[in-house]
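Visitor: I've got a model open on my screen and I'd like a hand reading it. Could you walk me through it?

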Amino acid sequence: MQNHIKMLYNIGYKRFYNSKEFLFFQGEIPKKLLVVLKGKVRLYKSTQEGKEETIHTISAVNFIAEMPSFMNIPYPASAVCLEECEILEIELAFFKEYCTKNSDFCLSFIASLCHKIEILESLLTASTQSLKEKTIRFLIQNKSALANLSQRQIAQKLNTSPESLSRILRELKKQDCIQTQKGKILLTQNALKICEEP
């Protein structure tokens, strides 16, 4: 994929975005295909209550919202830069032409789409779970990254308030699923066994 991204430089152009700058808004019609070359981008949906629900955080090097761009349908979410970003912007007509001439790249692009579908399936599964179940699932799946995540960041990723997360963490601590150290969360040795109990 890296080699193909370099080839795409010839049909696109790079733009630089500041932290908190928006790439697009929910409901807009895509005009270009976007690729994150450097930095991180947060995708989120706005609810009727005015809350923001994070869908996914995209890091370099990766496509952003390739499905709505390729199908020319409105963006289902908004995208904002979490830090300074370098974005490759490609005209859709040039991109589609490139796909038809490069079967290997086309397969890589399909793989990227499949990965996004997996993310969507994960979100659908999470929507049927309680906050406690979502928290347990997140902690287990992100065990290696917990040392670098604050409780506020975890709350944001779970689309909940820090207060609600704090309540769940106290409950998990009582069940000996977790320990906390300097604001960081540590899973206990028997966390999997305890957390899998109903």
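Guide: Sure, here is a short round of questions and answers on this predicted model.

Visitor: Let's get the overall picture. What share of the residues in the protein is buried?

Guide: The protein has eight helices and 10 strands. Its accessible surface comes to about 12,100 Å², and 52% of that belongs to carbon and sulfur atoms. As for cover, the protein has 198 residues, and the buried share is 36%.

Visitor: What order do the strands take in the open sheet of four strands?

Guide: Pairing in that sheet is antiparallel, and the order is 2-7-4-5. Strand 2 (22-24) and strand 5 (52-59) each pair on one side only. That makes the edge strands strand 2 and strand 5.

Visitor: How much are neighbouring strands of this sheet turned against each other on average?

Guide: This goes with the antiparallel sheet in the order 2-7-4-5. With direction ignored, the average turn between its neighbouring strands is 30°.

Visitor: Which residue in strand 7 does tyrosine 44 stand opposite?

Guide: Strand 4 covers residues 40-46 and strand 7 covers residues 78-81. The two run antiparallel and are joined by four bridges. Opposite tyrosine 44, in strand 7, you'll find serine 78.

Visitor: And on the strand 5 side, which residue in the turn of the hairpin has a positive phi?

Guide: Strand 4 and strand 5 pair antiparallel over seven bridges, with lysine 45 standing opposite glutamate 53 in strand 5. Together the two strands form a hairpin, with five residues between them. The positive phi, about 90°, belongs to glycine 50.

Visitor: Over to strand 3. What is the bridge partner of leucine 34 in strand 6?

Guide: Strand 3 (residues 32-38) is mostly covered, with five of its seven residues buried. It is joined to strand 8 (residues 85-91) by six antiparallel bridges, and there leucine 34 stands opposite glutamate 89. Strand 3 also pairs with strand 6 (residues 62-64), antiparallel over three bridges. In strand 6, leucine 34 has as its bridge partner isoleucine 64.

Visitor: Is serine 69 buried or exposed?

Guide: Look for serine 69 in helix 2 (residues 66-71). Leaving out residues up to four places away in sequence, serine 69 touches Pro30, Lys32, Leu33, Ile64, Tyr75 and Leu92. Its relative accessibility is 0%, and the cut-off for burial is under 20%, so serine 69 counts as buried.

Visitor: Which element gives the most to the nonpolar patch?

Guide: The patch covers about 420 Å² of surface and is made by Met67, Phe70, Met71, Ile73 and Ile117. Methionine 67 is partly exposed, because its relative accessible area is 35%. Methionine 67 is found in helix 2. With three residues, the element that gives the most to the patch is helix 2.

Visitor: One last spot: how far apart are the C-alpha atoms of serine 164 and leucine 131?

Guide: Serine 164 has its place in helix 7 (residues 162-174). Its relative accessible area is 22%, so serine 164 is partly exposed. Along the chain, serine 164 and leucine 131 are 33 residues apart, while the separation of their C-alpha atoms is 8.5 Å.

How values were computed
Residues numbered from 1 in each chain as written. Predicted model: local features only at pLDDT ≥ 70, side-chain atom pairs only at ≥ 80, totals over all residues. Heavy atoms only, no water. Buried < 20%, exposed > 50% of the residue type's maximum accessible area, 1.4 Å probe, protein only. Contact = heavy atoms within 4.5 Å. Pairing = 2+ DSSP bridges. Axes fitted to C-alpha atoms, helices over the stretch in contact; angles between N-to-C directions. Patch = residues over 30% accessible without salt bridge, like charges linked within 9 Å, V, L, I, M, F, W, Y side chains within 5 Å. Areas by Shrake-Rupley, 256 points an atom, 1.4 Å probe, with all protein chains shown as cover. Salt bridge = Lys/Arg side-chain N within 4 Å of Asp/Glu carboxyl O.
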